[in-house]
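Let's look at how the two protein chains sit together, and then at what lies around the DNA. Have the structure open as you read.

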Protein chains: 2
Amino acid sequence: MGANARFATALHVLAVLAHQDGDPVSSEFLSASVNTNPVVIRRLLRALQTSRLVETRKGPRAGSRLARSAARVRLADVYQAVRDPALFGLPRRRPSPACPVGQRIHAVLKPLFASAELALSRDLARTTLADVLRQIQRLR
Amino acid sequence: MGANARFATALHVLAVLAHQDGDPVSSEFLSASVNTNPVVIRRLLRALQTSRLVETRKGPRAGSRLARSAARVRLADVYQAVRDPALFGLPRRRPSPACPVGQRIHAVLKPLFASAELALSRDLARTTLADVLRQIQRLR
DNA sequence: ATTTACGCAACCAATAGAGTTACATATCAT
DNA sequence: ATGATATGTAACTCTATTGGTTGCGTAAAT
C-alpha cells in the first residue's frame with residue numbers, strides 16, 4: 001500500500017460504519033468496500049477498538065459499529081489510533097559520538113518533530129467523521 | 001531505518017555543513033558523522049542539490065557546502081526536498097465502486113490530507129537550520 | 001446444537017529503503 | 001599532461017515493514 005495508507009483505510013472503514021449508522025457491519029462487508037481481505041480489516045479494527053472508537057460483537061448478525069456519534073470522532077483521534085509510532089523516525093544507526101553535531105543532533109530534532117506532529121494533529125482535529133460523511137453524501 | 005528517517009538524516013547532514021561553514025565537506029566525512037555509507041549520503045545530497053540547498057564540487061579538496069546561509073534554510077524547505085511523495089498515502093487497491101462510501105471516500109480525503117500536510121509545513125517553516133545549529137552549540 | 005463471524009497465530013509475498021561494490025568522470029595540484 | 005581525489009551512478013544484496021492468505025479456535029445468537 002502507499003505510505004501510511006492505514007490512516008486512509010481506517011477512515012474508509014469508519015465512514016462505512018457511520019453510513020450504516022447503528023447496524024453492526026461485518027469485516028466481510030467492510031473488506032468488500034475497501035477491496036481487501038477481512039483479516040486485514042480485523043487487524044485495523046482492533047486498533048480502533050483499543051482507542052474506543054468502535055465496538056465489536058461476535059456471533060451471527062454481529063460485527064462492528066461506532067462507539068460514539070460520528071460528530072464526536074475527530075480525524076486526529078483516528079490518526080492517533082492507527083498512526084505509526086513516529087511520523088518522523090530517526091535513523092536506526094546512531095550518529096557518531098565523535099562528531100559534535102552527530103552527538104547532539106537527535107536531541108535537538110526530537111522536540112522539533114514533536115511540535116510539527118502536534119501542528120498536524122491540530123489540523124486533523126478540525127474535521128470530524130460526520131463532516132466526512134456529509135461530504136460523501138453531498139457528492140451524489 | 002525508522003519511518004521517514006531521510007528527513008532526520010538530511011537535517012543532520014545540513015547541520016554538519018553549517019557547522020563547517022564555508023569549507024566543502026566530503027561525503028566520506030558526512031557518512032562518518034551519520035554512521036552510514038558515503039553513497040547513501042550522496043543520494044541524499046542529490047535531493048538537496050536539486051532543491052538548491054547545497055552545492056557540490058567534484059575533485060580533490062572538493063565536497064558539499066550550503067548554497068545559502070543557514071538562517072535562510074527553513075526546516076520546511078528541507079522537508080520538501082526529501083519527503084516521500086505522499087505523507088498520507090492511499091491504499092494501492094482501489095475501493096469498491098459498488099459501495100457508495102468506497103466510491104467517494106478518496107476524493108473526500110485528498111483535500112483533508114493536503115490541509116494537514118500544509119499545517120505541518122507551516123510549523124516546520126518556523127525553524128531554520130541556524131536555529132538548529134545554535135541549539136547544538138548551546139548544548140555544549 | 002448449529003451457524004455465524006470475530007480473534008489470533010503463522011506464514012508468504014511485495015515493497016521500499018539502506019547498505020554495499022564497482023567503476024566512470026570531473027577537477028585540483030603539481 | 002599526469003596522478004590523486006572525490007563525486008555520479010548503476011547494480012546488487014539485505015532487511016524491515018506491511019499487506020495478503022489460510023486455518024482453526026471461540027463467542028454468541030437462534
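## How the copies are related

In this predicted model, chain A lands on chain B after a rotation of 180° with 0.0 Å of shift along the axis, and the RMSD is 0.1 Å. That's the relation of a two-fold axis. To find the axis from chain A, go to A:Leu120: the C-alpha of A:Leu120 is the nearest one in that chain, 2.6 Å away from the axis.

## Where chain A meets chain B

Contacts between the two chains involve 52 residues of chain A and 52 residues of chain B. On the chain A side, helix 1 (5-19), helix 2, helix 5 (100-124) and helix 6 (129-138) each put in two or more residues. Helix 5 of chain A has the largest share, with 15 residues. Sorted by class, this side of chain A has 31 nonpolar, 14 polar and seven charged residues.

The copies meet through the same surface, because 100% of the interface residues of chain A are interface residues in chain B too.

## Around DNA strand C

Now for the DNA. There are 28 residues around strand C, and the ones that come nearest are A:Ser26, A:Pro60, B:Thr36, B:Val39 and B:Gly59. By class, this surface splits into 10 nonpolar, eight polar and 10 charged residues.

Both chains chip in here: helix 2 (27-34) and helix 3 (38-50) of chain A, plus helix 1 (5-19) and helix 3 (38-50) of chain B, each supply at least two residues. Helix 3 of chain A gives the most, with five residues.

Technical notes:
Residues numbered from 1 in each chain as written. Chains lettered and ligands numbered in written order. Predicted model: local features only at pLDDT ≥ 70, side-chain atom pairs only at ≥ 80, totals over all residues. Least-squares fit on C-alpha atoms with pLDDT ≥ 70 in both. Contact = placed C-beta atoms within 7 Å. Near = placed C-beta within 6 Å. Helix = DSSP H or I, 4+ residues; strand = E, 2+ residues; numbered from the N terminus. Nonpolar A, V, L, I, M, F, W, Y, C, P; charged D, E, K, R; others polar.
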